[in-house]
Amino acid sequence: EQAVIGTAAGVLATASPCLADTAHAIDIILQHDGMGLSGATGEQLAAGANLALIGEEIVQYGSAEAIAPHTWRLSHLWRGRGGTEYAAAGHGPDEPFVLLDDALVEIPGGDISHMAYAALGQGDEIPVLAAAPGTLRSVRPFSPVHLHAHLFADDTLALEWTRRSRDGYAWRDQVDVPLGEEAENYAIEVRAGAAVLFTGETGSPRCTLPASVVQSARAQGHARLDIDVRQKGRFTLSPPARVSAAIA
């Protein structure tokens, strides 16, 4: 099946991944007139329709309007899908566009370094092979969300967050998201300014930092701690969930 690919004309504006982006649109120039795009209802978007990669951000689009030969204007966007909310800002010009489907890539023998793509043109007998780029994005866990910190009177600092999962993309009421990894594990880093005061791991979505971390930061004249929490996956770490906690 032919992939639908093209290039973004202009720059996709920054928008929140928490709300439907009805303020912005992006024009996409497809490779030829044989390629096309179509819109989707809200129910279809909620079921995963119209997923596309623009630059490094995965979006969904509700409206696709043909405005010129092989050029489509996409609007009513759902931003930062598939854990790519970190890429909803900082888009540039002429970014690649790829229409995605729900096909999964099996990791051969569990070794992602040996993955490759094969392209076979019409009339070709031997495919052209290319090594897959080693970004690990397709197997990277989503960053945790709702990270918050609570400072107690004894200077201990309690952290708590909510996990997300690559296997829990659909909304299922009253059911926790599946783990999606071989084990639940998180890496924690705490900084005061440029100094790293604490690193650790935990197997649950919560952690209590010892009072010595807060007291050390205060002794160095800091009034806040910067905290990163990443989920540890089979192959790589998630992007960080971040919070800045006042300790003054």
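Over which residues does pLDDT stay under 50? The answer is residues 103–110. For this stretch the model has nine contacts beyond four places in sequence. Where pLDDT is low, the predicted coordinates should not be read in detail. Keep that in mind, for this is a predicted model.

**Overview**

The rest of the report starts from the whole chain. The protein averages a pLDDT of 88. A score of at least 70 is reached by 88% of the residues. The fold has two helices and 15 strands. There are 248 residues in the protein, and buried ones make up 34% of them. Now take the contacts with a separation of 6 or more: 58% of them join residues 24 or more positions apart.

**The largest core**

The largest nonpolar core has 20 residues. Leu-157, Trp-161, Ile-188, Val-190 and Leu-225 touch the most other members. Which elements give two or more residues to this core? They are strands E10 (157–162), E11 (186–192), E13 (206–209), E14 (224–231) and E15 (241–246), together with helix H2 (211–219). The largest share comes from E11, with four residues.

Another core lies apart from this one. It has 17 residues, including Ile-28, Met-35, Trp-72 and Leu-74.

Back to Leu-157 and its surroundings. Leaving aside neighbours within four places in sequence, Leu-157 is in contact with Ala-149, His-150 and Leu-151, among others. Its contacts also include Cys-207, Thr-208 and Leu-209. Val-214, Leu-225, Ile-227 and Ala-245 complete the list.

**Helix H2**

Which residues of H2 are buried? They are Ala-211, Val-213, Val-214 and Ala-217. Seen down the axis of H2, these buried residues fall within an arc of 165°, so they line one face of the helix. Strands cover them: what lies over the buried residues includes E9 (145–151), E10, E11, E12 (195–202), E13 and E14. After H2 comes Gly-221, whose phi is positive, near 85°.

**Two hairpins**

Next, the paired strands. Strand E3 (residues 51–54) and strand E4 (residues 57–68) run antiparallel, and four bridges join them. One bridge pairs Leu-53 with Ile-58 in E4. The two strands form a hairpin with two residues between them. In this turn, Gly-55 has a positive phi of about 65°.

E4 also pairs with strand E5 (residues 71–81). This pairing is antiparallel too, over eight bridges. Ala-68 stands opposite Thr-71 in E5. Again there is a hairpin with two residues between the strands. Here His-70 in the turn has a positive phi of about 45°.

Two further residues have a positive phi although they are not glycines. Asn-50 has a phi of about 55°. It lies in the loop between helix H1 (42–46) and E3. His-76 has a phi of about 50°, and it lies in strand E5.

**Buried or exposed?**

The table gives the relative accessible area of five residues.

| Residue | Relative accessible area | Class |
|---|---|---|
| Cys-18 | 69% | exposed |
| Cys-207 | 15% | buried |
| Asn-50 | 16% | buried |
| His-76 | 35% | partly exposed |
| Arg-163 | 15% | buried |

Buried means under 20% relative accessible area. Asn-50 has 16%, so it counts as buried. His-76 has 35%, which is neither under 20% nor over 50%, so it counts as partly exposed.

How many disulfides does the structure hold? It holds zero. Two of its cysteines are in the table: Cys-18 is exposed, whereas Cys-207 is buried.

**Around Arg-163**

Where does Arg-163 lie? It sits in the loop between E10 and E11. Arg-163 is charted above at 15%, under the 20% cut-off, so it counts as buried. What does Arg-163 touch, not counting residues up to four places away in sequence? Its contacts are Asp-176, Val-177, Pro-178, Leu-179, Glu-184 and Tyr-186. One of these, Glu-184, is 21 residues from Arg-163 along the chain. The C-alpha atoms of the two residues are separated by 9.3 Å.

Definitions and conventions. Residues are numbered from 1 along each chain as its sequence is written. This is a predicted model: local features need pLDDT of at least 70, side-chain atom pairs count only at pLDDT 80 or more; totals for chains, interfaces and linings use all residues. Side-chain values use heavy atoms; hydrogens and water are left out. A disulfide is a pair of cysteine sulfur atoms within 2.5 Å. Buried means under 20% relative accessible area, exposed over 50%, partly exposed in between (1.4 Å probe, protein chains only). A nonpolar core is a set of buried Ala, Val, Leu, Ile, Met, Phe, Trp, Tyr and Cys residues joined through side-chain atoms within 4.5 Å. Contact means heavy atoms within 4.5 Å. Two strands pair if DSSP finds at least two bridges between them. pLDDT is the predictor's confidence in each residue, from 0 to 100. The arc is that of the directions from the helix axis to the C-beta atoms.
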